Structures are given as structure tokens and as C-alpha cells.
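I opened the file to work through the metal sites first, then a strand, a helix and a single side chain. These are my notes, in the order in which I looked things up.

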Amino acid sequence: MTLPGDERGGSSSAGAGLSSPGAGVFSGVSAGAGAALVAGDSFHEMWRELLPIGRHPDSGGYRRFAWTAADAECRDWFKAQAESRGLTYELDRNGNQWAWLGDPAAGDAVVTGSHLDSVPDGGAFDGPLGVVSSFAALDELRGRGAQFTKPLALVNFGDEEGARFGLACVGSRLTAGQLTVEQAHRLTDGDGVTLPQAMAAAGYDADAIGPDPERLARIGAFVELHVEQGRALDLSGDRVGIASAIWPHGRWRFDFRGEANHAGTTRLVDRRDPMLSYAETVLAARREAQLAGAVATFGKIAVEPNGVNAIPSLVRGWLDSRAADQDTLDTVVTGVEKAAREYAEAHGIELDIVRESFTPVVEFDHALRDELARVLGKTGEDTHLNVPVLGTGAGHDAGILSGSIPTAMLFVRNPTGVSHSPAEFAAEDDCVAGVTALADVLEGLACR
Ligand code: GLV
Ligand code: MN
Ligand code: MN
């Protein structure tokens, strides 16, 4: 059992350099209110620029993994956006990128942002929507002539998805002290490259990583806008929602070890085939989750020697499980572990189970959540914008930071609910409504 969670149950003018794109990435651009036009144009332009980066030509999905060339391109994009707006650009000790309006050292800063990395063949919206919306919201506020009384920072957190090193939210976890330097140094990708090696190869000083309490102490509130990863808003008919809580969730690695042998000549009774107990465990996970009203997924697998005509010596599968509360999650995972051990024993298989990461339930800051609802509700009197409050089974940097600073989240409608897939989508009208809502929230928090 390892890793985090074990420890704890001067500015240029508005829209500088931006112009309306000639070709639409989306169809059906809203005419909207006048105020939405700055947000919409700015959003559209940025979206169009970011769209090709890291997109796989065959799958159409994104492969923006931490410290790779695609990640570097995304980071270059973020830096260029910051600089084009005259913001103070900063790369922190953990590889997170910051763009400051106002004095970063003044304290009580309002921060917004998300991440630019992706899962394997991920969608365009998970992460980038929050980062692009942050810049667009700033453009919108400048367009409104907003007067900032607090520093505002836009942030791109590094390695949120954990696609390469297996642990989600590495940048925010390190910053919040929820991942120790020693643990981070042990993170290794599928090719045996360690996190420090990958960071060094990308030109970063991996010796600098570690907790950053001084930075967090300068932040008064963090608001992350994110595409919804379910259909609650679609079903309620609302463009934008506010997050209440994040389900507790974790990742467990199951190593089933048997004996490699010839697929054609080894009698069935003589085999020690780990694939069998793995397959039975996948079914057990589905069963346990269904019984408990939770979710459990084996979405990643590694097989050795991985030959069509060889009985495997090792099947390594990763379980991702989440539930509304801790007891339910414990019940599911305990049930899956028990079943896996029984199946392994029955087939003469050695089994090791390691919890690789865990994030306890996150209840977002009530005062901040109520403030978002108040600001957006007020806006809603004019625009009929409803703001439902919803929970989610998806993890976010906002969830990690909530242990250290007041955090809140805004969700933007996803008409199919599909996420972590190239099919992930949000309509441009809804994205622009999200930007406007974020601008309203930031104005309420940073301009009063
Ligand atoms: C991140 O998107 C997660 O929920 O795994
Ligand atoms: Mn994600
Ligand atoms: Mn995300």
C-alpha cells in the first residue's frame, strides 16, 4: 500500500491579438448578448489553435501525455496566451504553469484554470475547456472594464490525468503535499522512464519538485471550470452547473503471476494461466459495483510475454473504482480483492494487489459554492440561467487543492455525457455560457 491519500482519509488591452476565426470549429455560434461576444470570439480563436495539438490522426483522440512533445506544445500555447495578454508568466517548482494579473505576492489571489494533458485518446474538452475558458473569461472581464481588487491567476496544472505515470493530479498533489518527493521519484511510465527522467528530458529541474505551501497561502479561492462528464445538465436542461462534491476514488494494481508456456502443446490441466483469474476478477468487479451502486473498471492491462501463442506469465490489470461514500467504496474493493484471491488460488496463481492512489471524498467549500450560486443566480434573473448543484465521480485538481484552500467547480453541459473519449463534446453556445458564468464568478470574487 503506497502513495497519497494514505496520509489523509501590468496588462495589455482586452483580447490583444485575438480575432474572429474564419472557419468554425463548432456549428451554431450563438449571437448571444453583447457581453458574450468578447468571450465567444476569444474562446473560439484559442480553441481553434489548441485543437490540432496532440490529436492522433487515426483515432481523432488526444494523446497529450505529461512531459511529451504534445505536452510541450500545449505548454508553449499557454505561455504564449499569457504573454499576449501581458500577464506575468511563471512555471512553478512542480511544472504547473501560472499567468498572473496583478502582484503574485500580494495574497488572497483568485485562481482559475484546469489542465491541458489528456487520457489516451481523450476528448478535446476535459481540461482544455477550463484553461481556454479562463483566458476567455479574463478577456470578457477586460471587455467589461472590470476593476480588479485582487490578483488573478490562470493556471495549467501538470499531469492531471496520470496517463503516463499512473497517478492522477501529480502537479497539484505535489504542490499540496499530497504526494511526497520520494513517491514522485518512484513514478515510472510503461517504458521504465521515471518522472524525474521525463521532466529532465523535457528541460525541467526535477530536483525542484515538492510541496509549495507558500504558493497556496497566497491563494484565497480556486475555481475550476470543467466539461461535465455525465448528463445531469443535459437532463435538467441547464447550460452550467456548480459542483457539490467528488466521490472518493482510487486505483489498484492487480498482478496475477502464472507460468509462461506453449499455447499449442500445454494441456489445459497443466496450465497456470493468470488470464483466467484476471478475467474472473473483471467480472467480479462489475458484480460488486452493481450490487453496491458504485462503479468499478479494469481499463488498463499489461500482459507478459504478450504473445498470441504463449500462455501469459503475468497479467497486470488496473482497477479504478469510485462510489458516493467511503464505506461503499471499501465494500466494493474488498469484495473484488477477495474474489481475485479466491480465483488466483483456484488456478495456482500468485496475486499481489497494490493501491496506487486514493482520493477521499471531496466536499467543496460551502461558502464559495454558495457565493457562486448567488452570483450566477443573480445573473440568472436576467438570462434564465439556472445553476443546479451536482456531484461527480470524476477526479479534478480542484478536489486535490480543496484540502488546502477554498475551491469550487463549474460544469458545462455535455449533451451525451461521454468523456475520456474522442466523442466528448460540448456545444459552443454552452461553452460561451460557461465562459460568461466564469467571468461573472471571477468578477464577484476578484473585483469587489
Ligand atoms: C480524471 O479525469 C479522473 O476522474 O480519473
Ligand atoms: Mn479526465
Ligand atoms: Mn479533467
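**Entry 1: His420 and its metal.** The model is a predicted one, and I began with His420. I looked up its accessibility and found His420 partly exposed, with a relative accessible area of 40%; that value falls between the 20% limit for buried and the 50% limit for exposed. His420 gives its NE2 to the manganese ion (ligand 2). I listed the other donors of that ion: Asp126 (OD) and Glu161, which appears twice with OE, and the distances run from 2.0 to 2.7 Å. Along the chain these donors follow the spacing D-x34-E-x258-H. Asp126 and His420 link distant parts of the chain, 294 residues apart. I placed Asp126 in the loop between β3 (109–115) and α3 (128–144), and His420 in the loop between β15 (407–412) and α13 (428–446).

**Entry 2: the second manganese.** I then checked the manganese ion (ligand 3), which is coordinated by His115 (NE2), Asp126 (OD) and His226 (NE2) at 2.0 to 2.2 Å. The donor spacing here is H-x10-D-x99-H. Asp126 and His226 again join distant parts of the chain, at 100 residues apart, with His226 in strand β5 (residues 219–227). Which residue do the two ions, ligand 2 and ligand 3, have in common? I found that Asp126 coordinates both, and that the ions lie 3.6 Å apart. Asp126 has a relative accessible area of 5%, so I noted it as buried. His226 is buried as well.

**Entry 3: strand β2.** I counted how much of β2 (residues 97–101) is covered: five of its five residues are buried, so the strand is largely enclosed by the rest of the structure. In a regular strand, side chains alternate between the two faces of the sheet. I checked the directions and found Gln97, Ala99 and Leu101 pointing one way, and Trp98 and Trp100 the other. For neighbours, I found β1 (residues 88–91) antiparallel to β2 and joined to it by four bridges. Thr88 has Trp100 as its bridge partner. The two strands form a hairpin with five residues between them, and Gly95 in the turn has a positive phi of about 85°. β4 (residues 152–157) also runs antiparallel to β2, with five bridges. There, Leu152 stands opposite Leu101.

**Entry 4: helix α2.** I took the span of α2 (residues 69–84): its 16 residues reach 22 Å from first C-alpha to last, close to the 22 Å expected. I then listed its buried residues, among them Cys74, Trp77, Phe78 and Gln81. The buried set covers an arc of only 155° around the axis, which puts these residues on the same side of α2. The face turned away from the buried side carries exposed Ala69 and Asp76. Just after the helix, Gly86 takes a positive phi of about 70°.

**Entry 5: Ser134.** Last, I looked up Ser134, which lies in helix α3. Is Ser134 buried or exposed? Its relative accessibility is 1%, so it counts as buried. Leaving out residues up to four places away in sequence, Ser134 touches Thr112, Gly113, Leu154 and Leu438. The Ser134 side chain reaches the backbone oxygen of Gly130 at 2.6 Å. I also noted Phe43, which is 91 residues from Ser134 in sequence and 9.3 Å from it in space, C-alpha to C-alpha.

Key
Residues are numbered from 1 along each chain as its sequence is written. Chains are lettered from A and ligands numbered from 1 in the order in which they are written. This is a predicted model: local features need pLDDT of at least 70, side-chain atom pairs count only at pLDDT 80 or more; totals for chains, interfaces and linings use all residues. Side-chain values use heavy atoms; hydrogens and water are left out. Donors are N, O and S atoms within 2.8 Å of the metal (3.2 Å for Na, K and Ca); water is not among the atoms, so sites may look incomplete. Buried means under 20% relative accessible area, exposed over 50%, partly exposed in between (1.4 Å probe, protein chains only). Two strands pair if DSSP finds at least two bridges between them. The expected span of a helix is 1.5 Å times one less than its number of residues. The arc is that of the directions from the helix axis to the C-beta atoms. Contact means heavy atoms within 4.5 Å. A polar contact is a pair of N or O atoms within 3.5 Å; within protein, one must be able to donate a hydrogen and the other to accept it, and residues adjacent in sequence count only if both atoms are side-chain atoms.
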